[in-house]
Amino acid sequence: ADDYSKTHDVPKFTKFDKVVLATKIHGENDLPGLMKTICFVHSAYNSQQLYDYVVFFTADLSESQKSNVKKIVEPAKLTFVKDAKSIDEEYADLSEHHKSHCKPESGSAISWDIMCQDSRTIAQNWMAEFRGKWMWIRPELEAYKYMMFFDIDISLKSAWREDPVEYMIKNNLVLLMNAHGERMTKGMSGVNGRVKKAYGKSICSAGVDGLRFKSELSDTCTSSNILQGRPYFHVTD
């Protein structure tokens with residue numbers, strides 16, 4: 001990180017209050033990717049602001065492994081947070097429907113590596129569930145207003161010329177993302193049921209209008225056409 005900062009002109013952005021940088025890994029196999037990405041993000045952007053970091057993880061990490069990551073971003077604060085119970089407890093909490101889709105072979109023990117019917121492991125499905133639901137109610141994030149989330153496999157080649165946090169705040173945005181995926185129509189009735197219960201309205205459509213993500217809400221929607229945001233990098237309020 002120090003070598004990068006010495007050879008690259010890292011702009012000095014305005015530092016805002018209550019901003020955190022967060023990411024999610026499974027366990028020690030993800031540490032090389034985590035250390036590389038944390039180094040790049042810190043050197044290309046956060047070496048000036050020194051915002052806090054929160055790293056959510058599932059499988060146990062040693063104190064030595066955690067310390068090696070923390071040294072990369074010093075003097076910024078980096079906190080490791082275990083985000084799941086044991087695999088046996090997590091599996092026991094699954095509905096019978098989800099258990100039927102992620103069954104271990106006869107006589108085999110439950111493990112994070114079990115392949116489910118969607119061609120993803122239990123670990124990968126937990127990663128998606130955590131980022132889509134549980135992360136947003138974690139007490140470790142309550143002290144912050146803005147979160148910059150990044151995957152550990154994003155590629156950074158140079159210092160950032162614009163500050164996504166500043167853009168987010170000055171434009172009063174709720175979500176800032178670097179890419180979007182395909183439109184989703186299947187399963188939206190279930191999603192809209194939960195949205196309407198929480199907010200009193202349903203999502204009829206959501207998509208990109210110029211550079212902005214625009215949504216249409218209504219008391220009733222005959223159909224839904226939703227453009228999904230990519231989870232690789234985003235800033236949220």
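Start with the lining of the second largest pocket in this predicted model: by class it holds eleven nonpolar, five polar and nine charged residues. Colour the lining by those classes before moving on.

**The pocket**

Select Leu-94, His-98, Asn-125, Trp-126 and Glu-129, which lie nearest the centre of the second largest pocket. They belong to a lining of 25 residues. The space inside this pocket comes to about 640 Å³.

Next, show three helices as cartoon: H4 (87-92), H5 (96-101) and H6 (122-132). Each of them supplies at least two residues of the lining of the second largest pocket. H6 gives the most, with six residues.

**The disulfide**

Now go to the loop between H5 and H6, where both Cys-102 and Cys-116 are found. Show the two side chains as sticks. The sulfur atoms of Cys-102 and Cys-116 are 2.0 Å apart, and the two residues form a disulfide. The count of disulfides comes to one. Because both partners sit in the loop between H5 and H6, the pair ties together parts that are 14 residues apart in sequence.

Set a dihedral about the S-S bond of Cys-102 and Cys-116: the torsion is about 115°, so the disulfide is right-handed. Are the two cysteines buried or exposed? With the cut-off for buried at under 20% relative accessible area, Cys-102 counts as buried at 11% relative accessibility. Cys-116, at 7%, also counts as buried.

**The largest nonpolar core**

Leave the loop and select Leu-21 and Leu-34. These are the residues with the most contacts inside the largest nonpolar core, which has 35 residues. To see where the core draws its residues, show the elements that give two or more residues to it:

- strands S1 (19-24), S2 (52-57), S3 (78-82), S4 (146-150) and S10 (233-236);
- helices H2 (31-49), H3 (63-73) and H7 (164-170).

Which element provides the largest share of this core? That is H2, with seven residues.

Keep Leu-34 selected and display its surroundings. Leaving aside residues up to four places away in sequence, Leu-34 touches Thr-23, Ile-25, Val-55, Val-69, Phe-80 and Ile-152.

**A second core**

For the last stop, select Val-20, Phe-56, Ile-87 and Phe-149. They are among the 21 residues of another core, which lies apart from the largest nonpolar core. Give the two cores separate colours to see them side by side on screen.

Conventions. Residues are numbered from 1 along each chain as its sequence is written. This is a predicted model: local features need pLDDT of at least 70, side-chain atom pairs count only at pLDDT 80 or more; totals for chains, interfaces and linings use all residues. Side-chain values use heavy atoms; hydrogens and water are left out. A nonpolar core is a set of buried Ala, Val, Leu, Ile, Met, Phe, Trp, Tyr and Cys residues joined through side-chain atoms within 4.5 Å. Buried means under 20% relative accessible area, exposed over 50%, partly exposed in between (1.4 Å probe, protein chains only). Helices (H or I, at least four residues) and strands (E, at least two) are DSSP runs, numbered from the N terminus. Contact means heavy atoms within 4.5 Å. On a 1 Å grid over the protein atoms alone, a cavity is a set of points where a 1.4 Å probe fits but cannot get out, and a pocket is an open set with protein on both sides within 12 Å along at least five of seven lines; lining residues have an atom within 4 Å of a point. Grid points are joined across faces, edges and corners, and a volume is the space filled by probe spheres set on the points. Ala, Val, Leu, Ile, Met, Phe, Trp, Tyr, Cys and Pro count as nonpolar, Asp, Glu, Lys and Arg as charged, and the others, Gly among them, as polar. A disulfide is a pair of cysteine sulfur atoms within 2.5 Å.
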